[in-house]
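Work through the exercises below with the sequence and the model open. Try each task before you read its solution.

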Amino acid sequence: ERMAKAKRRAAAPRSKAYRDGPAVRRKWLGKAYVDKAFRDADAFTIDLQHYVTEHAWGASWARGVLPLRTRSIMNLAMISALNRPHELEIHLRAALRNGITKREIKEIFIHVATYCGAPAALDSFRIAKKILAEKPARLQEK
């Protein structure tokens, strides 16, 4: 019954930000990732998926004022500063897939070290090395 209620909420009319969110989220993170996030959601987590889709992806990323590339660079810096390794991995993969280079990632994290401290940058470099090892070199050195 709880899942049925969650699905009914999912089918309710949504704001423009919510309607815009899925396309940007899928473009940046990949269709498979986003579809899995919704498929894996349960009655406890489905509202969070709707919230993130509407507020992060629709009301922020989809605004159109800043290019997605700029938003990605900002995200890498902010998530690094906040020391959120799981989200950093997700956004690093997306950044590489969408054209951010290894060299740019290095500069972002050096900037983080300057303004947020060495511990945040050290953790971010560790995570980046792990993610970069997954990617072909041709995607890293543009």
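The exercises go from the overall fold to the cores, then to the salt bridges and one surface residue.

This is a predicted model, in which local features need pLDDT of at least 70, side-chain atom pairs count only at pLDDT 80 or more, and totals for chains, interfaces and linings use all residues. Residues are numbered from 1 along each chain as its sequence is written, and side-chain values use heavy atoms, with hydrogens and water left out.

**Exercise 1. Fold and surface**

Task: Determine how many helices and strands the chain has, and how much area it exposes.

Solution:
- Step 1. Helices are DSSP runs of H or I with at least four residues, strands are E runs of at least two, and both are numbered from the N terminus.
- Step 2. On that basis the chain has 8 helices and 0 strands. The pattern along the sequence is α-α-α-α-α-α-α-α.
- Step 3. Next, take contacts, meaning heavy atoms within 4.5 Å. Of those with a separation of 6 or more, 68% join residues 24 or more positions apart.
- Step 4. Accessible areas come from the Shrake-Rupley method with a 1.4 Å probe; for residues, only the protein chains shown count as cover. The chain exposes about 8,800 Å², and carbon and sulfur atoms supply 59% of this area.
- Step 5. Buried means under 20% relative accessible area, exposed means over 50%, and partly exposed lies in between (1.4 Å probe, protein chains only). Of the 142 residues in the chain, 37% are buried.

**Exercise 2. Nonpolar cores**

Task: Find which elements give two or more residues to the largest nonpolar core.

Solution:
- Step 1. A nonpolar core is a set of buried Ala, Val, Leu, Ile, Met, Phe, Trp, Tyr and Cys residues joined through side-chain atoms within 4.5 Å. In soluble globular proteins, nonpolar side chains tend to be buried together.
- Step 2. The largest core has 16 residues. Those with the most contacts inside it are L76, L88, L92, I105, F109 and A128.
- Step 3. Helix 5 (68–82), helix 6 (85–97), helix 7 and helix 8 (118–134) each give two or more residues to this core. Helix 8 supplies the largest share, 5 residues.
- Step 4. Check L88. Leaving out residues up to four places away in sequence, L88 touches L76, I79, S80, F109, S124 and I127.
- Step 5. Another core of 9 residues lies apart from the largest one; its members include V24, W57, I90 and A94.

**Exercise 3. Salt bridges**

Task: Trace the salt bridges of D35 and K130.

Solution:
- Step 1. A salt bridge needs a side-chain nitrogen of Lys or Arg within 4 Å of a carboxyl oxygen of Asp or Glu. The whole structure has 9.
- Step 2. D35 pairs with R26 at 2.7 Å between the closest N and O atoms. D35 also pairs with K31, at 2.5 Å.
- Step 3. K31 and D35 both lie in helix 3 (residues 31–40), 4 residues apart, about one turn of the helix.
- Step 4. K31 is exposed at 54%, whereas R26 is partly exposed at 31%.
- Step 5. K130 meets E89 at 2.9 Å, N to O. K130 is in helix 8 and E89 in helix 6, so the pair ties together parts 41 residues apart in sequence.
- Step 6. E89 counts as buried at 18%; K130 is partly exposed at 44%.
- Step 7. E89, R93, K130 and E134 are linked in a salt-bridge network.

**Exercise 4. Y115**

Task: Is Y115 buried or exposed?

Solution:
- Step 1. Locate Y115 in helix 7 (residues 102–116).
- Step 2. The relative accessible area of Y115 is 63%, so Y115 is exposed.
- Step 3. Y115 and A81 are 34 residues apart in sequence, with 8.6 Å from C-alpha to C-alpha.
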